Amino acid sequence: MADVSHHRGDLAGHPDASEMQARYERVLGGRDVVLVDGPVLLVGLYCAVSPWILHFTAAQPALVTHNLILGIAIALLAVGFTVTPERMYGLSGAMCAIGVWMIISPWIVGSSPDAGVIWNNVVIGALTFLLGTMCVAAASKSRRGT
């Protein structure tokens, strides 16, 4: 077996090094992955499991299904923002709409929700809306840069 360990980690001589660097900058340039994508994923996961954390599965069965589906949708948006940011940031406005819907959904989907359920959805909705506006800002910033 040949010893090629002296070439590890050094891509400077690689024939495609400049193309790989340009692609990396094009995909990740102008956006802060950690600031937006991670929190969006966490908000989505919390939204999906919040009925079991706050124990309102028996009192609000419609909101349980609602929060589970929207939480999964938010988490999938976060994964999409991370995997294909140039294609997914067009859906940033959808996150804003989901955030507004989460704020008003306890009264529309639920039946006589208590204060804990209301505050849970209002906080999730506000965070989703805020993160959605940050995604919209990042998308418009990257469009202006190109």
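Where is Ala137 found? Ala137 is found in helix H6, and we come back to this residue in point 8. A few notes on the model follow.

1. First, the status of what you are looking at: this is a predicted model. The protein chain has six helices and zero strands. Reading from the N terminus, the order of elements is α-α-α-α-α-α.

2. On the chain as a whole: of the 146 residues, 34% are buried. Among contacts with a separation of 6 or more, 67% are between residues 24 or more positions apart. The accessible surface of the chain comes to about 9000 Å², and carbon and sulfur atoms account for 68% of that area.

3. Now the annotation. The unreviewed UniProt entry marks residues 33–54, 66–84, 91–110 and 116–139 as "transmembrane region". Two of these stretches can be set beside the model. Residues 66–84 are 95% helix and 0% strand, with the end C-alpha atoms 27 Å apart. Residues 116–139 are 100% helix and 0% strand, and there the end C-alpha atoms are 34 Å apart. The label itself comes from the UniProt record, whereas the helix percentages are computed from the model.

4. What about the inside? The largest nonpolar core has 18 residues. Val40, Leu77, Phe81, Tyr89, Met95, Ile98 and Met102 have the most contacts inside this core. Two or more residues each come from helix H2 (33–53), helix H3 (61–83), helix H5 (92–108) and helix H6 (115–145). H3 supplies the largest share, five residues. If you want one residue to click on, try Val40: leaving out residues up to four places away in sequence, Val40 touches Ile74, Ala78, Met95 and Leu131. One of these partners, Met95, is also on the list of residues with the most contacts inside the core.

5. Asn121 deserves a look of its own. Asn121 sits in helix H6. Is this residue buried or exposed? Asn121 counts as buried because its relative accessibility is 0%, and the cut-off for buried is under 20%. Setting aside neighbours within four places in sequence, Asn121 is in contact with Leu63, Asn67, Met102, Ile103, Ser105 and Pro106. Of these, Met102 is also listed among the core residues with the most contacts.

6. Next, the outside. Tyr46, Val49, Trp52, Ile53, Leu54, Leu68, Ile72 and Leu76 form a nonpolar patch on the surface, and together they have about 700 Å² of accessible area. H2 and H3 are the elements that give two or more residues to this patch. The most comes from H2, with four residues. Val49 belongs to the patch and has its place in helix H2. At a relative accessible area of 39%, Val49 is partly exposed, because that value falls between the 20% and 50% limits.

7. Leu68 is the patch member to check from the other helix. Leu68 is found in helix H3, and its 33% relative accessibility makes it partly exposed. Not counting residues up to four places away in sequence, Leu68 touches Cys47, Ala48 and Trp52. Trp52 is a member of the nonpolar patch as well. You can also look at Leu68 and Leu45: these residues are 23 residues apart along the chain, and their C-alpha atoms are separated by 8.7 Å.

8. Back to Ala137 in helix H6. Ala137 has a relative accessible area of 42%, so it is partly exposed, between the 20% and 50% limits. The C-alpha atoms of Ala137 and Tyr89 are separated by 9.7 Å, with the two positions 48 residues apart along the chain counted as their spacing. Tyr89 is one of the core residues with the most contacts.

9. Finally, two backbone spots for your Ramachandran check. His55 has a phi near 55°, a positive value in a residue other than glycine. His55 has its place in the loop between H2 and H3 and is exposed, with a relative accessible area of 68%. Ser112 also has a positive phi, near 50°, and is again a residue other than glycine. Ser112 lies in the loop between H5 and H6, and at 71% relative accessibility Ser112 counts as exposed, because the cut-off is over 50%.

Technical notes. Residues numbered from 1 in each chain as written. Predicted model: local features only at pLDDT ≥ 70, side-chain atom pairs only at ≥ 80, totals over all residues. Heavy atoms only, no water. Core = buried A, V, L, I, M, F, W, Y, C linked by side-chain atoms within 4.5 Å. Buried < 20%, exposed > 50% of the residue type's maximum accessible area, 1.4 Å probe, protein only. Contact = heavy atoms within 4.5 Å. UniProt positions renumbered as here; feature names shortened; annotations may be inferred. Areas by Shrake-Rupley, 256 points an atom, 1.4 Å probe, with all protein chains shown as cover. Patch = residues over 30% accessible without salt bridge, like charges linked within 9 Å, V, L, I, M, F, W, Y side chains within 5 Å. Salt bridge = Lys/Arg side-chain N within 4 Å of Asp/Glu carboxyl O.
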